[in-house]
Amino acid sequence: MEHQFVTNLQSNQNIVHKVCTLYTNDKDAHNDLFQEITIQLWKAYPKFRGEAKFSTWMYRVALNTAITLYRKSKRTIRTQDYDSVIFKIKADEYDETEEEQLKLMYKAVKQLGDIDKALVFLYLEDKDYREISETLGISEVNARVKMNRVKTKLRTILNP
């Protein structure tokens with residue numbers, strides 16, 4: 001069981017990293033959240049029935065853990081501002097415009113509520129509304145309605 005868990009975690013760990021990036025602002029907080037999500041995944045693994053894909057189940061546990069910790073930590077945590085972190089990987093055909101757009105998008109997404117962040121994250125991961133609804137525990141219709149509202153919010157934030 002342990003070997004299977006480690007194998008599944010290693011092959012899907014980018015999911016956890018993406019969730020950590022969405023809900024944290026610095027490397028230390030990212031690492032702490034990654035560790036906490038891994039612990040929660042391990043604790044919940046015996047209850048994993050295989051009815052959904054491992055990655056879908058992993059999204060759900062990771063997002064729930066991040067949201068729970070985010071809500072618990074109402075105290076102010078010192079974090080490094082996203083704009084002050086420079087971690088570009090330059091390529092010959094790299095377009096800085098795209099990076100600036102991504103920074104603006106992340107900044108806008110960070111202004112959304114917890115569930116809305118998760119919804120955008122899953123949408124950008126090309127998950128269909130059925131899988132989004134399963135992961136977030138809402139109906140498929142609700143996921144579509146929420147996504148349309150979030151798109152409107154993001155347009156307002158990005159184009160005031």
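Here a trainee and a mentor talk through a predicted model of a protein.

Trainee: Let's start with the overall picture. How many helices and strands does the protein have?

Mentor: Read along the chain from the N terminus and the elements run α-α-α-α-α-α-α. No strand turns up in that order, and the secondary structure comes to 7 helices and 0 strands.

Trainee: What share of the residues counts as buried?

Mentor: A residue counts as buried when its relative accessible area is under 20%. The protein has 160 residues, and the share of them that counts as buried is 36%.

Trainee: And what share of the contacts with a separation of 6 or more comes from residues 24 or more positions apart?

Mentor: Thr 21 and Tyr 106 make a nice example, as they are 85 residues apart along the chain and yet in contact. For the protein, looking at contacts with a separation of 6 or more, residues 24 or more positions apart account for 68%.

Trainee: Let's stay with Thr 21. Which residues does Thr 21 contact, leaving aside its neighbours within four places in sequence?

Mentor: Thr 21 lies in helix H1, which covers residues 2–23. Its relative accessible area is 33%, so it is partly exposed. The C-alpha atoms of Thr 21 and Tyr 106 are separated by 9.6 Å. With those neighbours set aside, the contacts of Thr 21 are His 30, Tyr 106 and Lys 110.

Trainee: Now another threonine, Thr 38. Is it buried or exposed?

Mentor: Thr 38 is found in helix H2, residues 27–44. Beyond four places in sequence, it is in contact with Phe 5 and Leu 9. Its relative accessible area is 19%, and the cut-off is under 20%, so Thr 38 is buried.

Trainee: Which residue has its backbone oxygen 2.8 Å from a polar atom of the Thr 38 side chain?

Mentor: An α-helix has 3.6 residues a turn, so residues three or four places apart point the same way. With that in mind, look back along the chain from Thr 38 in H2. The backbone oxygen at 2.8 Å from the side-chain polar atom belongs to Phe 34.

Trainee: On to the aromatic rings. What kind of pair do Tyr 59 and Phe 121 form?

Mentor: There are 10 aromatic pairs in the count. For Tyr 59 and Phe 121, the rings are 5.7 Å centre to centre with 65 degrees between the planes. Planes over 60 degrees apart have their own class, so this pair is edge-to-face.

Trainee: Why does this pair tie together parts that are 62 residues apart in sequence?

Mentor: Both Tyr 59 and Phe 121 are buried. They sit in two helices 62 residues apart in sequence, so the pair ties these parts together: Tyr 59 in H3 (residues 54–72) and Phe 121 in H5 (residues 114–124).

Trainee: What about Tyr 123 and Tyr 129; what kind of pair are they?

Mentor: Tyr 123 is partly exposed at 31% relative accessible area, whereas Tyr 129 is buried at 15%. Their rings lie 6.3 Å centre to centre, with 40 degrees between the planes. That angle is neither under 30 nor over 60 degrees, so the pair is tilted.

Trainee: How many of the residues of H5 are buried?

Mentor: The buried residues of H5 include Leu 119, Val 120 and Phe 121. Asp 116 is also buried, at 12% relative accessibility, and it touches Val 150 and Lys 153. H5 is mostly covered, and the number of its 11 residues that are buried is 8.

Trainee: How are H5 and H7 oriented to each other?

Mentor: The axes of H5 and H7 (residues 140–158) are 10 Å apart, at an angle of about 95 degrees. Among the residues making the contact are Asp 116 and Tyr 123 of H5 and Met 147 and Val 150 of H7. By class, the contact has 7 nonpolar, no polar and 4 charged residues. The angle falls between 65 and 115 degrees, so H5 and H7 are roughly perpendicular.

Trainee: Last one: which residues of H6 meet H7?

Mentor: The axes of H6 (residues 129–136) and H7 come within 8 Å and cross at roughly 100 degrees, so these two helices are roughly perpendicular. On the H7 side, the residues include Glu 140 and Ala 143. On the H6 side, they are Tyr 129, Arg 130, Ile 132 and Ser 133.

Terms used:
Residues numbered from 1 in each chain as written. Predicted model: local features only at pLDDT ≥ 70, side-chain atom pairs only at ≥ 80, totals over all residues. Heavy atoms only, no water. Helix = DSSP H or I, 4+ residues; strand = E, 2+ residues; numbered from the N terminus. Buried < 20%, exposed > 50% of the residue type's maximum accessible area, 1.4 Å probe, protein only. Contact = heavy atoms within 4.5 Å. Phe/Tyr/Trp six-rings, centres within 6.5 Å; stacked < 30°, edge-to-face > 60°. Axes fitted to C-alpha atoms, helices over the stretch in contact; angles between N-to-C directions. Parallel < 35°, antiparallel > 145°, perpendicular 65-115°, else oblique. Nonpolar A, V, L, I, M, F, W, Y, C, P; charged D, E, K, R; others polar. Polar contact = N/O pair within 3.5 Å; in protein donor to acceptor, adjacent residues only side chain to side chain.
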